[in-house]
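Biologist: I have a new structure open and would like to learn how to read it. Could you take me through it feature by feature?

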Protein chains: 2
Amino acid sequence: MEKKDIPINVVTRIPLYLQTLNQMARDGVGITSSKILSEMLGITAAQIRKDLSYFGGFGKQGSGYQLFTLIDELQKILNVNRIWQLALVGVGDLGHALIHYHEFARHGFEILMAFDKAPGKIGKKVGTLIIQSYDSLPGELKKGSIRIAILTVPASTAKSVADLLVESGVKAILNYAPVNLQLPDDVYIQNMDPIQSLQRMTFYLEG
Amino acid sequence: MEKKDIPINVVTRIPLYLQTLNQMARDGVGITSSKILSEMLGITAAQIRKDLSYFGGFGKQGSGYQLFTLIDELQKILNVNRIWQLALVGVGDLGHALIHYHEFARHGFEILMAFDKAPGKIGKKVGTLIIQSYDSLPGELKKGSIRIAILTVPASTAKSVADLLVESGVKAILNYAPVNLQLPDDVYIQNMDPIQSLQRMTFYLEG
């Protein structure tokens, strides 16, 4: 089966399974089952088994999953059994916070370069990175074969920066700007807008 | 129709429509249509009309939507035609960034209080807020009738802090901790874990 034929909801859940399995591994668990995962995640065991079946069989019916084997398989499926180097664009408060976010390194993501357009920021150090100008962005991204970027610019410049990223070879954007970006079909976007996420909850809250 | 009977994917898309309409309003647009929204969002016009039909009719077939009427209606649906006051727990880098995030105020969300467990942080000022200890959390949240919280604590303490929030009356948690929280059915959670979002894209990227 080709990747594009796997339902998006399945692809959405696999990282959640991996997160939960990693959590169990840290707690010293060695074997798990769709039933245990079901209880931890509030997703039916049948759904979990069906999701995993898209990628072949894992473990025998009734005997559960070897935790480390399953983690390893899910990492391969998600293409994260390797290091991914990222660029971050927009070194404001949120950009700073993400540069210092230690979970990235733990999961194989490394912010390798940071860019901003404010002349006053260029050349300054954040963590181990030197903030670079947009002028150097295309060259640096191509040189580093960077295909993933984190976008932490204001809404007003998000579209033009995203276009620049795509022209520079980026194929995946983690978008914190509160803008719905229209990009070529072969570029993946995940939106991290907290406003939309809050509104998905206020919908259910009583006035 | 009751809220619980509206498909979650519909509820997920309404904030996206609202974001796009707000963007159009800022660009001076006065009338729109499911066709225009469709082109902007890459969602079929039929899907958009179907999503909106859950909440009654908006505009006449063929004549499009009055932008401000539609924005107003969607705000009412999402329960955001009002101010929501929030508590933030965990004033690290990300907590700081979110306290300073100006989009919250623009959309009716106000971070009213901030808590941390580090003795060295308590009493310090961040923006206009004074960081408070966990001891004061239950009392302050109840006093302020706070029902929404932003969780920016490390994974290791996320569960216990979330439980404390729920005990203190919180019904909605914007969760930045990389943990799948198990909470009562009447508490809503939106997870903002960048690792999972990155993995949803690396899945599609060529090795």
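Modeller: Happily! Let us start with a single residue: Q132(B) is found in strand β6 of chain B, which covers residues 129–132. Keep in mind that this is a predicted model.

Biologist: Which residues is Q132(B) in contact with, leaving aside its neighbours within four places in sequence?

Modeller: Q132(B) touches M113(B), A114(B), F115(B), D116(B), I122(B) and E140(B). For a contrast, try L21(B): Q132(B) and L21(B) are 111 residues apart in sequence, and their C-alpha atoms lie 38 Å apart in space.

Biologist: Good. How far can I trust the prediction?

Modeller: Look at the confidence values. Chain A has a mean pLDDT of 95, with 98% of its residues at 70 or more. For the complex, the predictor gives an ipTM of 0.96 and a pTM of 0.95.

Biologist: Now the interface. How is its size expressed?

Modeller: The size of an interface is often given as the accessible area lost when the parts come together. Here chain A and chain B bury about 6200 Å² between them, and 64% of that is on carbon and sulfur atoms. The contact takes 62 residues from chain A and 62 residues from chain B.

Biologist: How many polar contacts and salt bridges does the rule find across the interface of chain A and chain B?

Modeller: There are 30 residue pairs in polar contact, counting pairs with both residues at pLDDT 80 or more. The rule finds zero salt bridges across this interface.

Biologist: Which element gives the largest share of the side of chain A that touches chain B?

Modeller: That is α1(A), with ten residues. By class, this side of chain A has 36 nonpolar, 16 polar and ten charged residues.

Biologist: And how are the two chains related?

Modeller: A rotation of 180° with 0.0 Å of shift along its axis superposes chain A on chain B, at an RMSD of 0.0 Å. That is the relation of a two-fold axis. The same surface serves both copies, as 100% of the contact residues of chain A recur in chain B.

Biologist: Back to salt bridges. What is the idea, and where can I see one?

Modeller: Side chains of opposite charge can pair when their charged atoms come close. A search of the whole structure finds 18 salt bridges over all chains. In one of them, K76(A) pairs with D72(A), the closest N and O atoms being 3.5 Å apart.

Biologist: Why are K76(A) and D72(A) separated by about one helical turn?

Modeller: Because they are four residues apart in helix α4 of chain A, residues 67–77.

Conventions. Residues numbered from 1 in each chain as written. Chains lettered and ligands numbered in written order. Heavy atoms only, no water. Contact = heavy atoms within 4.5 Å. Buried area = accessible area lost by both parts, 1.4 Å probe. Salt bridge = Lys/Arg side-chain N within 4 Å of Asp/Glu carboxyl O. Polar contact = N/O pair within 3.5 Å; in protein donor to acceptor, adjacent residues only side chain to side chain. Helix = DSSP H or I, 4+ residues; strand = E, 2+ residues; numbered from the N terminus. Nonpolar A, V, L, I, M, F, W, Y, C, P; charged D, E, K, R; others polar. Least-squares fit on C-alpha atoms with pLDDT ≥ 70 in both. pLDDT = per-residue confidence, 0-100.
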